[in-house]
Amino acid sequence: MLEIRHLRTLSALRSAGSLVRAAQLLNLTQSALSHQIKLLEDRYGGPLFERKSVPIGFTATGARLLKLADLLLPEIESAEREVARLTQGDTGQLRVALECHTCFDWLMPVMDEFRKRWPEVEIDLVSGFHSEPAELLRSGAADLVIGSPYGPDFATFPLFRFEILVVMAQKHRLAAQRRLQAADFEGETLITYPVPETRIDLIREVLQPANIHFERRTAELTVAVLQLVASRRGIAALPNWAIKNYVDYDYVIAKPIGEQGLWSDLFVSVPEAQKQKAYVLDFVNVIREQCASTLDGIKLLS
């Protein structure tokens, strides 16, 4: 029998663009997703999509089922939100604080989509630099923080894993290297956001353990960081999604860090009293859905 989960699977395949990312979006293993698709294909007597096409190309059968998904899923999701409003109320506020400066690049479209779904919930950003975002949750100055997990005092929702790359000017002395090791940073000027060193993955995970000496310069905006890098004032370590356009247009070049790369995980943290609110859960879902379809090189966390 065709089920709602099957329609969600096809929709996730289309938005994620691959089996791997669709499985992450649906919180399934890749083998469980493949098994579900095989059962569907057995039922309908043929493939639902072309395995080797990038992006995924759907067969006539798959396209017809997607048309059904596009018709039914928005109605189901709308009904679920309406039921949540009836049981929990449809008003509230969501003051969002960011530990991750580069999250601005993808957060604005997420907030726009959330406002369409929850027009009566007031959503806003907590402005300014915050050295300890967790304190905003404790004091009630913020309702939700996007960044690192903050321990057992808060409810935490996983978002995704991303790679941190070093960006440098085209003619930097390290430009010819395939990847960078800790010793390569000796004596370099590292351009960072104005946050404590304990919150900078490159410093905490790579440079300090290797006792590497470096200079540090700060800038509050990503574009300012990259301008300094391009003018050979130093190097920076930034998420892969934040630098893609600059690398594609040869404004700077990017290099991985270490043999396995340097990866970081992103989470949503909220006070325990907020964790069951429907609009909070939906905000997390919107982030995961939109980022899975728009950000290259990320891995959704389960």
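**Notebook: helix packing and pockets**

I found that α1 and α2 lie oblique to each other. I was working on a predicted model throughout.

**Entry 1: α1 against α2**

I looked up the geometry behind that label. Helix α1 covers residues 4-16 and helix α2 covers residues 19-26; their axes come within 8 Å and cross at roughly 125°. That angle falls outside the ranges of 65 to 115 degrees for roughly perpendicular and over 145 for roughly antiparallel, so the pair counts as oblique. I noted the crossing of α1 past α2 as right-handed. Which residues make the contact? On the α1 side I listed R8, T9, A12, L13, S15 and A16, and on the α2 side L19, R21, A22, L25 and L26. Sorted by class, this contact has seven nonpolar residues, two polar ones and two charged ones.

**Entry 2: α1 against α3**

Next I turned to helix α3, residues 30-44. Its axis is 11 Å from that of α1, and the two helices pack at an angle of about 115°. That angle is why I wrote down α1 as roughly perpendicular to α3. Is the crossing left-handed or right-handed? For α1 and α3 it is left-handed. I saw R5, H6, T9 and L13 of α1 meeting L33, Q36, I37 and L40 of α3. The classes here are four nonpolar, three polar and one charged. Two names turn up again from Entry 1: T9 and L13 of α1 contact α2 and also meet α3.

**Entry 3: α2 against α10**

I then followed α2 to α10. Their axes come within 10 Å and cross at roughly 175°. With that angle, α2 and α10 are therefore roughly antiparallel. From α2 I noted R21, Q24 and L25, which meet R288, E289, C291 and A292 of α10. Three of these contact residues are nonpolar, one is polar and three are charged. R21 and L25 of α2 are among the residues touching α1 as well.

**Entry 4: the largest pocket**

Time for the pockets. I read a volume of about 1,000 Å³ for the largest one. Which of its 33 lining residues are closest to its centre? They are R8, E77, R117, N285 and E289. I recognised R8 from the α1 contact with α2, and E289 from the α10 contact with α2. The elements that each supply at least two lining residues are α1, α2, α4 (60-88), α5 (104-117), β6 (154-168) and α10 (278-294). Helix α10 gives the most, with ten residues. By class I have 15 nonpolar, seven polar and eleven charged residues in this lining.

**Entry 5: the second largest pocket**

The second largest pocket holds about 650 Å³ of space. I looked up its lining of 35 residues, where H101, T102, F104, D105 and T222 lie nearest the centre. Two or more lining residues come from each of β3 (92-98), α5, α8 (222-230), α9 (240-248) and α10. The lining here splits into 20 nonpolar, nine polar and six charged residues.

**Cross-check**

I put the two pockets side by side at the end. Both α5 and α10 are on the list for the largest pocket, and both are on the list for the second largest. Helix α10 also packs against α2, with axes within 10 Å.

Definitions and conventions:
Residues are numbered from 1 along each chain as its sequence is written. This is a predicted model: local features need pLDDT of at least 70, side-chain atom pairs count only at pLDDT 80 or more; totals for chains, interfaces and linings use all residues. Side-chain values use heavy atoms; hydrogens and water are left out. Axes are lines fitted to C-alpha atoms, for helices over the stretch in contact, and angles run from 0 to 180 degrees between N-to-C directions. Helices (H or I, at least four residues) and strands (E, at least two) are DSSP runs, numbered from the N terminus. Angles under 35 degrees count as roughly parallel, over 145 as roughly antiparallel, 65 to 115 as roughly perpendicular and the rest as oblique. A crossing is left-handed if the near helix is turned anticlockwise from the far one by less than a right angle, and right-handed if clockwise. Contact means heavy atoms within 4.5 Å. Ala, Val, Leu, Ile, Met, Phe, Trp, Tyr, Cys and Pro count as nonpolar, Asp, Glu, Lys and Arg as charged, and the others, Gly among them, as polar. On a 1 Å grid over the protein atoms alone, a cavity is a set of points where a 1.4 Å probe fits but cannot get out, and a pocket is an open set with protein on both sides within 12 Å along at least five of seven lines; lining residues have an atom within 4 Å of a point. Grid points are joined across faces, edges and corners, and a volume is the space filled by probe spheres set on the points.
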